[in-house]
Amino acid sequence: MQDATRVLAGDCTVSYEDEERTEKRGEVVVLVKPDNTVLVHDADGYQPASWLTRADVVRYASDADGVRLVAGSGTERLDVQSHETTLDTFAPVTPAGPEVGTCPDCGGPLVRARGDVVCVGCRARYPLPRDATVLDERCDDCGLPEIRVERGAVFDVCLDRYCESIDEAVRERFDGAWDCPACGGTLHVERRSALRTVCEDCGNAYAIPTGTVVGECDCGGPRFETPSGTRCLATACPARAP
């Protein structure tokens, strides 16, 4: 079952092998998360009694003797053998985070979690730039929340990049607007591995930082106010501010 955690509870023997082997027995709750992380919880403390993070493979077997779960990753192996099973089921799960709006498709809550905005209802997922602020305003076209980012200027765009692209907004605003710090040629905005400007004459490329343009550097390129301070578009510019 996609986006579900398997929950196994009962009297189990749990063995973990890597360079050494440990074995424990008790009434435990075993969770197998959607990413194949296996957690074995007992009655004591907040830390699992045993675990295996993002196993390469998880296998189940069930017969008259009970349920057996075997998870492996590289040289690690986690083996759970139930002697008496009190629960064996699936529970739906989603990422959890601060609520940031309502899904226009299903009406479910939208939450910000681990670099995405996710709908708890229909599971729709929208990648979120690391520096983005989710706004209360809604996109006029699709109804999703708008986000605010700084890429030379402040841009408020739709959360869904296919509805309204940050790259297109930056390109429309700044393509051809800046001179190359190296040769004075015209800089054009493009995306390769990152959003950047490329000189049409010398071919030098400069990543567009998070921040807003606050003036012109002594080299002729734009100067940005960024979270880490003021800097030229060209990080290696000899005229950059100290």
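**From a buried threonine to two nonpolar cores**

In this predicted model, Thr-226 lies in strand β19, which spans residues 222–226. Its relative accessible area is 10%, and because buried means under 20%, Thr-226 counts as buried. The side chain of Thr-226 comes to 2.6 Å from the backbone oxygen of Gly-229. Beyond residues up to four places away in sequence, Thr-226 touches Pro-209, Thr-210, Gly-211 and Arg-231.

The discussion now turns to the beginning of the chain. An unreviewed UniProt entry places the feature "domain: Endonuclease NucS N-terminal PH-like" at residues 5–88. Over this stretch the chain is 71% strand and 0% helix, and the C-alpha atoms at its ends are 11 Å apart.

An open sheet of 7 strands follows the order β4-β3-β2-β1-β7-β6-β5, and its pairing is antiparallel. At the edges stand β4 (50–52) and β5 (57–63), each of which pairs on one side only. From one strand to the next, the twist averages 30°. In general, the strands of a sheet pair through backbone hydrogen bonds, either parallel or antiparallel. One pairing can be followed in detail: strand β2 (residues 21–32) and strand β3 (residues 38–41) run antiparallel and are joined by 4 bridges. Val-30 has Val-40 of β3 as its bridge partner.

Strand β1, covering residues 4–17, contains Arg-6. Is this arginine buried or exposed? With a relative accessibility of 16%, Arg-6 counts as buried. The side chain of Arg-6 makes a polar contact, at 3.0 Å, with the side chain of Asp-88. Leaving out residues up to four places away in sequence, Arg-6 touches Val-30, Leu-31, Val-32, Tyr-60, Asp-88, Thr-89 and Phe-90.

The nonpolar interior comes next. In soluble globular proteins, nonpolar side chains tend to be buried together. The largest nonpolar core of this model has 37 residues, of which Ile-147, Phe-155 and Val-170 touch the most other members. At least two residues of this core come from each of β10 (116–119), β13 (145–152), β14 (154–158), α1 (166–174), β15 (187–191) and β16 (195–199). The greatest contribution is that of α1, with 4 residues. Apart from its neighbours within four places in sequence, Ile-147 is in contact with a set of residues that includes Leu-128, Pro-129, Leu-135, Phe-155, Val-157 and Ile-166. A second, separate core has 16 residues, among them Leu-8, Val-14, Val-28 and Val-40. Val-40, the bridge partner of Val-30, is thus also named as a member of this second core.

Technical notes. Residues are numbered from 1 along each chain as its sequence is written. This is a predicted model: local features need pLDDT of at least 70, side-chain atom pairs count only at pLDDT 80 or more; totals for chains, interfaces and linings use all residues. Side-chain values use heavy atoms; hydrogens and water are left out. Buried means under 20% relative accessible area, exposed over 50%, partly exposed in between (1.4 Å probe, protein chains only). A polar contact is a pair of N or O atoms within 3.5 Å; within protein, one must be able to donate a hydrogen and the other to accept it, and residues adjacent in sequence count only if both atoms are side-chain atoms. Contact means heavy atoms within 4.5 Å. UniProt positions are given in the numbering used here, feature names are shortened, and annotations may be inferred rather than shown by experiment. Two strands pair if DSSP finds at least two bridges between them. Axes are lines fitted to C-alpha atoms, for helices over the stretch in contact, and angles run from 0 to 180 degrees between N-to-C directions. A nonpolar core is a set of buried Ala, Val, Leu, Ile, Met, Phe, Trp, Tyr and Cys residues joined through side-chain atoms within 4.5 Å.
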